[in-house]
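Hi,

Here is the structure I said I would pass on. Have a look at it first, and my notes on what turned up are underneath.

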Amino acid sequence: MAYFEWADDMVIDNGPIDEDHKKLVHLVNELHTATSVGRGQEVIEAIMSELITYTKDHLHREEQMMATLKFPNLERHKVGHHQFTERLNQLQSQYEAGSITVASQLSAVLRDWLSIHIRRSDKEMKVFLQKSKKNS
């Protein structure tokens, strides 16, 4: 069983947002697997860099989609995205300062944030998309 399993209740758009989320879930699992077999320090730099870059790109794509759709809670969503990217930046700074616990922290932070973010915050977008389709 994977550290973080993709589940049906995480589906948002059956498209680019879900593909981004699945990629992030895969990267979290890759990091966790490496950490759990004692290879976290070997892979942390490359995976952290990819995770941070991909997460920021994803959040930007999500915000662009929300703006295009005229999603009413975009500003609140942006605040949550900003807070999360700040947390990722803090972890990266800790790593660069020599912290040896960043790999396990990063996998836990990402798993927890992704799960909550997708299942709560992004669900608002799913509901909005469904209502928009009904009203079209």
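Let me start with a detail: the side chain of Asn29 reaches the backbone nitrogen of Phe4, at a distance of 2.8 Å. Before you read too much into any distance, note that this is a predicted model. Asn29 sits in helix α1, which covers residues 16-36. With a relative accessibility of 14%, Asn29 counts as buried, because the cut-off for that is under 20%. If you leave out its neighbours within four places in sequence, Asn29 is in contact with Ala2, Tyr3 and Phe4. So Phe4 turns up twice for Asn29, once through its backbone nitrogen and once in the contact list.

Now the overall picture. You'll find four helices in the chain and zero strands, so reading from the N terminus the order is just α-α-α-α. The radius of gyration is 16 Å, close to the 14 Å that the globule rule gives for 136 residues, so the chain is as compact as a globular protein of that length. Along its principal axes, the C-alpha trace spans about 50 × 30 × 20 Å. Of the 136 residues, 39% are buried. If you take contacts between residues at least 6 apart in sequence, 71% of them join residues at least 24 apart.

A couple of numbers for the surface and the charges, in case you want them for a setup. The accessible surface comes to about 7,600 Å², with 51% of that belonging to carbon and sulfur atoms. There are 17 positive and 20 negative side chains, and the centres of the two sets lie 7 Å apart.

Next, have a look at the segment before α1, where you'll find Asp13. Which backbone nitrogens lie close to a polar atom of the Asp13 side chain? One is that of Gly15, at 2.9 Å, and another is that of Asp18, at 3.1 Å. Asp13 has a relative accessibility of 19%, so it counts as buried. Not counting residues up to four places away in sequence, Asp13 touches Asp18, Met65 and Leu129. Asp18 therefore appears both in that contact list and as the owner of a backbone nitrogen 3.1 Å from the Asp13 side chain.

Asn14 is in the segment before α1 too. Is Asn14 buried or exposed? Exposed, at 70% relative accessibility. The backbone of Asn14 is worth a glance as well: its phi is near 50 degrees, a positive value in a residue other than glycine. For context, most residues other than glycine have a negative phi.

Lys70 has a positive phi too, about 60 degrees, and is not a glycine either. You'll find Lys70 in the loop between α2 (40-69) and α3 (74-96). Lys70 counts as exposed, at 67% relative accessibility.

Last one: Ser121, in helix α4 (residues 102-135). Ser121 is partly exposed, with a relative accessible area of 26%. Setting aside residues up to four places away in sequence, Ser121 touches His77 and Ile116. Ser121 and Glu45 are 76 residues apart along the chain, and their C-alpha atoms are separated by 29 Å.

Cheers

Methods: Residues are numbered from 1 along each chain as its sequence is written. This is a predicted model: local features need pLDDT of at least 70, side-chain atom pairs count only at pLDDT 80 or more; totals for chains, interfaces and linings use all residues. Side-chain values use heavy atoms; hydrogens and water are left out. Helices (H or I, at least four residues) and strands (E, at least two) are DSSP runs, numbered from the N terminus. The radius of gyration is taken over C-alpha atoms; the globule rule is 2.2 Å times the number of residues to the power 0.38. Buried means under 20% relative accessible area, exposed over 50%, partly exposed in between (1.4 Å probe, protein chains only). Contact means heavy atoms within 4.5 Å. Accessible areas come from the Shrake-Rupley method with a 1.4 Å probe; for residues, only the protein chains shown count as cover. Lys and Arg count as positive and Asp and Glu as negative; His and the chain ends are not counted. The place of a charge is taken as NZ of Lys, CZ of Arg, CG of Asp or CD of Glu. A polar contact is a pair of N or O atoms within 3.5 Å; within protein, one must be able to donate a hydrogen and the other to accept it, and residues adjacent in sequence count only if both atoms are side-chain atoms.
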